[in-house]
Amino acid sequence: MKTIGILTSGGDAPGMNAAIRAIARTAFEEGLRVKGIRFGYDGLMSGDIYEMNVSSVADIIQKGGTILGSARSKEFQTPEGQDQAVRILKQFGIEGLVVIGGNGSFQGAAALHNRGIRTIGIPGTIDNDLGYTDYTIGFHTAVETVIESIGKLRDTSNSHGRANIIEVMGRDCGDIALYAGLAGGAESIVVPEHEFSIDEITDRIERGRKRGKRHHIIVVAEGVGEPYSMRAAIEQRTGVETKITILGHLQRGGSPSFTDAKLGSMMGYKAVKALIAGSSSVAVGVHGDEIFTMPILEAIEVEHEFNEELYEMARVLSH
Ligand code: F6P
């Protein structure tokens, strides 16, 4: 193998640049050439590809987003799109491809492997919804962003004696809400993994009010549904004015936390070493402090387990 390519696909995530840097630097050390593929699988199919050198990845470890750009490609999901991608990879002499992204991006990597390209997946998504790995790159930073926002909303909530609903991202996964709610000290956490009870939320508000509490923070995962009916029910039952903040794409930006910059670096390094050792169609993951690889098709089959113990802890601690 003489040349590898790198692409980032799906929603961007802080720490992707740290992974790109690690992949490129490890590959140069091993005497490989590296091609950067812009805008995910879309850029691969159109040949939007450039030669990277040591300077291409200088000064990016702390940058949010992805220097390669990203996309959610519909065309690449078709057999014609995948055939076209293989033609381009051959034209550019790319024998190994590192894909940084989520579940859909991994399926693309597996499809290319079936067409004879050596591929490896690195989990990059703020959602933390891949069950085979403890964490995905970007999750910790997104959680930090939500915690900072909870603190700010608590300030104004206290001043006005209001409740605040904060809707956070995560698709169908409640991890961002759970971890940020626990570490940010939210009074209520609402996630798609649990049926939510409006009685429990309003009882907490009323209990808090009785002992003089002037704020009430409710973190709601986007997978639960729209927060407006929840607000209406809270106001109607408790009389407490309730504001809604949808944090949205703020959670996707910013410099990676220490954890995400470290995870990106370690996974990028490991991915290149695995490619060189002959692996293909494998995913890189982390368990505890250990970085490992496993077959990508098995990895995407592992169901993400919601951490019930943390959820219970958060309930107990949030009086
Ligand atoms: O997968 C990451 C994510 O930010 C999800 O949490 C969210 O549901 C989705 O992407 C938003 O996608 P887009 O940026 O395409 O609107």
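Here a biologist and a modeller discuss a predicted model of a protein chain with a ligand.

Modeller: Local features need pLDDT of at least 70, side-chain atom pairs count only at pLDDT 80 or more, and totals for chains, interfaces and linings use all residues. Residues are numbered from 1 along each chain as its sequence is written, and side-chain values use heavy atoms, with hydrogens and water left out.

Biologist: What makes the protein chain as compact as a globular protein of that length?

Modeller: The chain has eleven helices (H or I, at least four residues) and eleven strands (E, at least two), as DSSP runs. Its radius of gyration, taken over C-alpha atoms, is 22 Å. The globule rule (2.2 Å times the number of residues to the power 0.38) gives 20 Å for 319 residues. The two values are close, so the chain is as compact as a globular protein of that length.

Biologist: Which residues surround the ligand?

Modeller: Among them are Arg72, Asp127, Arg171, Glu222 and Arg252. Each has a heavy atom within 4 Å of the ligand.

Biologist: Why is the approach of glutamate 222 called a polar contact?

Modeller: A polar contact is a pair of N or O atoms within 3.5 Å. A polar side-chain atom of glutamate 222 lies 2.6 Å from a ligand oxygen, so the pair qualifies. For arginine 252, the distance from a side-chain N or O atom to a ligand oxygen is 2.7 Å. For arginine 72, it is 2.9 Å.

Key. A polar contact is a pair of N or O atoms within 3.5 Å; within protein, one must be able to donate a hydrogen and the other to accept it, and residues adjacent in sequence count only if both atoms are side-chain atoms.
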